[in-house]
Amino acid sequence: MDVSREVEVVESCMVTPIEQTPSHGLWLSPIDLAIVSRGLIPTVYFYSSSSSSGVVDDFFDVTRLKLALAKALVAFYPLAGRLSVHGDGRAEIDCAGQGVLFAVARSDLAVADLVDSQPSPELRRLFAPRVEDLPSIMCAIQVTFMGCGGVVLGTALHHAAVDAPSVFHFFRTWSAFSRDRDGHVAGPGGAALELPCHDRTLLRARTPPMVHPDAFTVFCPKLSLSETSGIGPVVSEIFAVSKDQVAALKRACTSSGDGGRVSTFVAVSAHVWRSMCAARRLPPDATTRLTFPANVRRLLRPPLPARYFGNAIITLGTAGKVRDIGSEELASVAGRINGVVRRMDDELVRSAIDYLEMNGGKQPAGTLPETELRVFSWLGMPMYDADFGWGKPLAMHRALEERGGIVYLMDGLGGGVRILVSAEAAVLKDFQRLLYAII
């Protein structure tokens, strides 16, 4: 990327809901509060004008996008609010229709030169909305019109407001309003495809709170963070694994007695964990841990509404000696992760919520130690459904991941998987070699 060619912001405004919305302080659950310090999460979507059908004279028409956003914010009104503090000192979202930051920018860069770019400080600086002076804002958008005719859509949503399923629910709705501009989608403000549920008290702690003694065998309320990774700067790279390679990994995991029922998440995570342990040349006697946020919407009894809007995730994990993770068959490593997945139930989730309410789970800034790996799964999520009427995005991913030891699993083309890995630059080359070694 030729970064000497800058992005110029030519317009900036606040888009507010098109109709009056509830005005109140939105209570945040213990899970929300545990994530509030992560702040705004920057992502980028890449669109090509040549991939849209029909006339493209109005490609990413700003007026149309703003109107669609104003309609979507009627149902998703917390995103138009601001992070605030209740009189009792507990963080909340002040829902008063303050608005979403909407910026328009221009650049002479080309989408074709960026679509394969890696998350980086430069990518965030150029294409993510600038929110340094708006720390309490919940949502910000930047539409950058490129010299080639394409568009980069940069977004920043506050983690106190949303988890990944909630993010994609919002973008599906906003894009549908833009796509169906004649108002053929039913719902308030012209419509929401599927109305979000804003009742976060569904994830309130029990009275009195109770933590099951077995919960901590899989529940990981706190991460071991340090100021630096210790072995050099952190960089990010995206690796593509084909459908056939994923199938090969899953076959290698079937001897664990699961009868072939090993998920893509489990198989790929097991291989990434083992590969990263080897790439980092960890001491054999060291204990390594893999953690992952688990979506709990379907685990509670009764289940949460499918469109619960907020954070409905708890961090689970498994650990082992480096020598064991490196020497075991892949099926055994996968079995460790599968064992955690199978432990997920209503009592585990309730115990996690009660623990967070009693002890807090707010994480300090920092990066993971070399022995830790944290895997986020966006597999099966509608990442590419953000079609505003001019075609689906060519690619979508985070603009920046500053912490080492972070992995994102995303759907790839043709049934494959894209693996975004943020780690020390010194180990990524070895990791790439090991990642593809058995597949």
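**Briefing: helix crossings, an open sheet and a hairpin**

Helices α6 and α10 cross in a right-handed way. Bear in mind that this is a predicted model. Elsewhere there's an open sheet of six strands with mixed pairing, a hairpin formed by β4 and β5, and a second right-handed helix crossing, that of α2 and α4. The salt bridge count comes to 22.

**α6 against α10**

- The pair consists of α6, residues 264–279, and α10, residues 425–435; their axes come within 9 Å and cross at roughly 135°.
- With that angle, α6 counts as oblique to α10.
- On the α6 side, the contact is made by His-271, Val-272, Ser-275, Met-276, Ala-278 and Ala-279.
- What α10 brings to this contact is Val-427, Asp-430, Phe-431, Leu-434 and Leu-435.
- Sorted by class, the residues of the α6 and α10 contact are eight nonpolar, two polar and one charged.

**The six-stranded sheet**

- Reading across the open sheet, the strand order is β1-β6-β7-β8-β3-β13.
- The edges belong to β1 (8–15) and β13 (395–398); each has a single partner strand, so one side of each has no neighbour in the sheet.
- From one strand to the next, the twist averages 15°.
- Inside the sheet, β6 (residues 100–106) and β7 (residues 139–145) run parallel and are joined by six bridges.
- If you want a spot to check that register, look at Leu-101, whose bridge partner in β7 is Ala-140.
- Helix α4 (residues 164–179) lies across β3 (40–47), β6, β7, β8 (151–158) and β13.
- Relative to β8, α4 runs at about 135°.

**α2 against α4**

- Helix α4 also packs with α2 (residues 62–75), at an angle of about 130° and with the axes 8 Å apart.
- These two helices are therefore oblique to each other, and their crossing is right-handed.
- From α2, the contact takes in Arg-64, Leu-65, Ala-68, Leu-69, Lys-71, Ala-72 and Leu-73.
- From α4, the residues involved are Phe-170, Thr-173, Trp-174, Phe-177, Ser-178 and Arg-179.
- The split by class for α2 with α4 is eight nonpolar, two polar and three charged.

**The β4–β5 hairpin**

- β4 (residues 82–85) and β5 (residues 91–95) pair in the antiparallel sense, with four bridges between them.
- To place the register here, start from Ser-84, which has Glu-92 as its bridge partner in β5.
- Five residues sit between the two strands of the hairpin, and Gly-89 in the turn has a positive phi of about 90°.

**Ala-110 and the loop after β6**

- Ala-110 lies in the loop between β6 and α3.
- Setting aside its neighbours within four places in sequence, Ala-110 is in contact with Met-146 and Cys-148.
- The C-alpha atoms of Ala-110 and Gly-150 are separated by 7.2 Å, although these residues are 40 residues apart along the chain.

**A salt bridge in α3**

- Helix α3 (residues 121–127) holds both Glu-122 and Arg-125, three residues apart, or about one turn of the helix.
- The side chains of Glu-122 and Arg-125 meet in a salt bridge, at 2.3 Å from N to O.

Key
Residues are numbered from 1 along each chain as its sequence is written. This is a predicted model: local features need pLDDT of at least 70, side-chain atom pairs count only at pLDDT 80 or more; totals for chains, interfaces and linings use all residues. Side-chain values use heavy atoms; hydrogens and water are left out. Axes are lines fitted to C-alpha atoms, for helices over the stretch in contact, and angles run from 0 to 180 degrees between N-to-C directions. Angles under 35 degrees count as roughly parallel, over 145 as roughly antiparallel, 65 to 115 as roughly perpendicular and the rest as oblique. A crossing is left-handed if the near helix is turned anticlockwise from the far one by less than a right angle, and right-handed if clockwise. Contact means heavy atoms within 4.5 Å. Ala, Val, Leu, Ile, Met, Phe, Trp, Tyr, Cys and Pro count as nonpolar, Asp, Glu, Lys and Arg as charged, and the others, Gly among them, as polar. Two strands pair if DSSP finds at least two bridges between them. A salt bridge is a side-chain nitrogen of Lys or Arg within 4 Å of a carboxyl oxygen of Asp or Glu.
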